[in-house]
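Work through the two exercises below with the model open. Each task is followed by a solution in steps.

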Amino acid sequence: MLQQNIIDNINSGIIGLDADYRVRLINPAAEAILQLSEARILGAMICELDTHDVPWRATLDQAAKEGRAIVRRGLSLDTRDGKPSFADIVVSPMREVSQLAFLIEMQPVDRLLRISREENLMNAQETTRTVVRGLAHEIKNPLGGIRGAAQLLERELPQGSLQEYTNIIIQEADRLRDLVDRLLGPSKAPALVSLNIHEVLEHVLQLAVVEAGERLAVLRDYDPSLPSIKGDRGLLIQAMLNIVGNALQATDSQPQCALTLRSRSQRQFTIGERRHRLVCQIDIIDNGPGIPDALRDTLFVPMVSGRAEGTGLGLSISQSIIHRHGGLLSCESRPGETCFTIHLPMEN
């Protein structure tokens, strides 16, 4: 039991094989790399797994013949979500372990790059929030004074056209106050309850269909085995609706918006400085033209928008909501496909 606990908490993927090349042991990290569950892979011959570029049989045969570890670097792995993944693989014969004949170590070569990118993203998000909070404070204080002065002036003016100007001042002060409040995002702490993430996604889809009608084509790729998560239903709906709304706007010049909603679980996943035993991954994918290169580094910055009529607040608010749930919102985009990925912890 102790050995199993140690293996389960190793970041590298570990797979144990018997002499017939059948899988007898796999840790959560290897499940995440291969995107295959323990139930699916245990007892299966690893040579029969659809992992594309990995020469399992040739490597295992060589390790058995030469009695030493064989290293294969930068191998391409097929994944269920279609995203490219590369890993270094070490196959070692296990002569001193009776139950296992081979031990396979898998290390994604893009893992360190992903963690570094996510850390930079979270640091940038925190910096942005700090700047926005300071800016909001500096704006709201004089706004309150301007509005109060306009109200006092309105009382002194005779009834007539002059009061139209004070009304404009008050209305514009209120509009700017509301804009600052939106910049700050939701003011209340998330009211966390147990919820089904698929029910949240379905509610978002219902709202999107009302807006887009028959132009919206939806593909659902849900993992029905996902357990409940702790979240604020209203805030999560708002966060995901902002993303779906962006997809609809990005494809408004196309005859159809093809939207894919995908749910998966990820084991031993790191968000910021915290490693989570289990997280929920939600992908929202559209067939739009992609995000311009000039906007990719500022995608989640408030008031930055690729549309002339856009406020640039939707994705910033979504990012803030996901962050307050202890999660991460990221994006990958190329012409014809933009994927927003949400990771939410599933620990109780």
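**Exercise 1: a helix pair**

Helix 7 and helix 8 are oblique to each other. The model is predicted, with local features needing pLDDT of at least 70 and side-chain atom pairs pLDDT 80 or more, while totals for chains, interfaces and linings use all residues. Residues are numbered from 1 along each chain as its sequence is written, and side-chain values use heavy atoms, without hydrogens and water.

Task: Find at what angle helix 7 and helix 8 pack, and why they count as oblique.

Solution.
1. Helix 7 covers residues 197-212 and helix 8 residues 233-250. Helices are DSSP runs of H or I with at least four residues, and strands are runs of E with at least two, numbered from the N terminus.
2. The angle is about 45 degrees and the axes are 9 Å apart. Axes are lines fitted to C-alpha atoms, for helices over the stretch in contact, and angles run from 0 to 180 degrees between N-to-C directions.
3. Under 35 degrees counts as roughly parallel, over 145 as roughly antiparallel, 65 to 115 as roughly perpendicular and the rest as oblique, so this pair is oblique.

**Exercise 2: strand 12**

Task: State which strands pair with strand 12 and whether its residues are mostly covered or not.

Solution.
1. Pairing requires at least two DSSP bridges between two strands. Strand 10 (residues 274-286) runs antiparallel to strand 12, with eight bridges; Val279 has Pro345 as its bridge partner.
2. Strand 11 (residues 328-334) is also antiparallel to strand 12, over seven bridges, and Arg334 lies opposite Glu337.
3. Of the nine residues of strand 12 (337-345), eight are buried, meaning under 20% relative accessible area with a 1.4 Å probe and protein chains only.

Key
Buried < 20%, exposed > 50% of the residue type's maximum accessible area, 1.4 Å probe, protein only.
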